[in-house]
Amino acid sequence: MPLTNPYKPIIAKVTRVVDETPSIKTFTLVPEEKIEFKTGQFVQFTVPEVGEAPFTPSSSPFVKEEMDITIMKAGRVTEAIHCLKEGDIVGIRGPLGKGYPLEEFYGKEVLVLGGGVGMAPLRSLLLTLIAQKTKFKRIVLLYGARTPEDIVYKDQFAAWEQEGVKIHRSVDKGDGTWKERVGVVTVLFDEVKLDNEIAIVCGPPIMMKFGTFKLLEIGYKPENIYLSMEKNMSCGIGKCGHCALGPYFVCKDGPVFKYSEIKNIEDIWD
Ligand SMILES: Cc1cc2nc3c(=O)[nH]c(=O)nc-3n(C[C@H](O)[C@H](O)[C@H](O)COP(=O)(O)OP(=O)(O)OC[C@H]3O[C@@H](n4cnc5c(N)ncnc54)[C@H](O)[C@@H]3O)c2cc1C
Ligand code: FES
């Protein structure tokens, strides 16, 4: 079997750019070779002459010809990504890490708890759950953003609801048009009766922390809470140690972890 270089990106063309919020855009990429990924895995996105950074695809893994990646402007690489236009050429390395263990969710209620751009991997997950929805007891989405303007995928929630996903949303600060809940995302727990089976959380560290504590308080078991952990990365394949989290490397052993696996590690929410 030919040896492939794990550091060599696959060339991909940007075919669509969608402005989600003032600081978040979704890029559709068509790679020269098909990239098959499991929902929850990530890729390293290279901007030529700038560098690379890790992102989780936000599209369905069942769509093989193209991949959506939703990116918040945070610093050097993401600023360069936000300048990309249709037709530009970039690189993709991956898929890397482990995805969500979907088989463990079969027959159960799956609660998806998201905040801000943390909705990116969760969109991929939701599309995957919806595609095989008869395998799950119920799919519930609780999503929070800072303001109505900061909500990503604004035009897609209605379609997910039509597919049977029970959706509740909140914003920290409403405006004249906002008719849903105001408050941090955990306020949504009083709107829905849950079976406390499987919970999947992704968002800013503070939201992951208080979201997890709320889940534990209402009776979720630590081994049934799945968190997407973010650490600064370099190699992405378990060689350099940049992404160490206690005994784990986030790139190789994660980025998805059960809370029970990492709860005794110091500073997991930093
Ligand atoms: C597995 C994984 C999946 C991710 N998926 C997404 C995604 O789908 N969409 C998205 O918008 N972002 C995602 N991120 C975060 C994204 O990788 C960072 O925002 C990006 O690396 C910042 O690069 P930069 O060069 O623009 O910023 P830098 O110039 O490197 O830094 C800007 C600021 O962001 C902080 N920062 C840098 N890297 C990270 C990081 N990995 N986590 C937290 N803070 C960081 C720095 O400390 C600094 O304060 C993911 C991160 C990981 C590890
Ligand atoms: S990024 Fe190098 S070990 Fe994880």
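**Ser-59, the ligand shell and the sheet in a predicted model**

Ser-59 is located in the loop that links β4 (51-55) to β5 (67-72). The structure described here is a predicted model. The relative accessibility of Ser-59 is 7%, and Ser-59 is therefore classed as buried, since the class of buried residues covers values under 20%. A polar contact involves this residue: the side chain of Ser-59 lies 2.9 Å from the backbone nitrogen of Asp-68. When residues up to four places away in sequence are not counted, the contacts of Ser-59 are Phe-37, Glu-66, Met-67, Asp-68, Arg-123, Ser-124 and Leu-127. Asp-68 thus appears both in this list of contacts and as the polar partner of the Ser-59 side chain.

The surroundings of ligand 1 were examined next. The shell around ligand 1 comprises 20 residues, of which Pro-54, Met-72, Val-77, Thr-78 and Asn-232 come nearest. At least two residues of this shell are supplied by each of β4, β5 and α1 (76-82). Sorted by class, the shell holds 12 nonpolar, 5 polar and 3 charged residues. Polar contacts to the ligand come from both backbone and side-chain atoms. For Thr-56, a backbone N or O atom is found 3.2 Å from a nitrogen atom of ligand 1. For Val-77, a polar backbone atom lies 2.8 Å from an oxygen atom of the ligand. For Thr-78, an N or O atom of the side chain is 2.5 Å from an oxygen atom of ligand 1. Taken on its own, ligand 1 has 870 Å² of accessible area, and the protein covers 70% of it.

The arrangement of strands was then considered. In general, the strands of a sheet pair through backbone hydrogen bonds, in either a parallel or an antiparallel manner. In this model, 7 strands form an open sheet with mixed pairing, in the order β10-β9-β8-β7-β11-β12-β15. The edges are occupied by β10 (181-182) and β15 (256-258); each has a single partner strand, so one side of each lacks a neighbour in the sheet. Strand β10 runs parallel to β9 (residues 166-171), and the two are joined by 2 bridges. In this pair, Ser-170 is opposite Arg-181 of β10.

Strand β11 (residues 198-202) stands between β7 and β12 in the strand order. Of the 5 residues of β11, 5 are buried. Ile-198, Ile-200 and Cys-202 point one way from the strand, whereas Ala-199 and Val-201 point the other way, and all of these residues are buried. Strand β7 (residues 109-115) runs parallel to β11 and is joined to it by 5 bridges. Within this pairing, Val-201 of β11 has Leu-113 opposite. Pairing between β11 and β12 (residues 225-228) is likewise parallel, over 3 bridges. Here Ala-199 has Ile-225 of β12 as its bridge partner.

Val-117 lies in the loop between β7 and α2 (119-131). With a relative accessibility of 25%, Val-117 is counted as partly exposed, because this class lies between the limits of 20% and 50%. Although Val-117 and Cys-202 are 85 residues apart along the chain, their C-alpha atoms are separated by 8.6 Å. Cys-202 is one of the buried residues of β11. Apart from neighbours within four places in sequence, Val-117 is in contact with Ile-24, Thr-70 and Met-72. Met-72 also belongs to the group of residues that come nearest to ligand 1.

How values were computed
Residues numbered from 1 in each chain as written. Chains lettered and ligands numbered in written order. Predicted model: local features only at pLDDT ≥ 70, side-chain atom pairs only at ≥ 80, totals over all residues. Heavy atoms only, no water. Helix = DSSP H or I, 4+ residues; strand = E, 2+ residues; numbered from the N terminus. Buried < 20%, exposed > 50% of the residue type's maximum accessible area, 1.4 Å probe, protein only. Polar contact = N/O pair within 3.5 Å; in protein donor to acceptor, adjacent residues only side chain to side chain. Contact = heavy atoms within 4.5 Å. Near = heavy atom within 4 Å. Areas by Shrake-Rupley, 256 points an atom, 1.4 Å probe, with all protein chains shown as cover. Nonpolar A, V, L, I, M, F, W, Y, C, P; charged D, E, K, R; others polar. Pairing = 2+ DSSP bridges.
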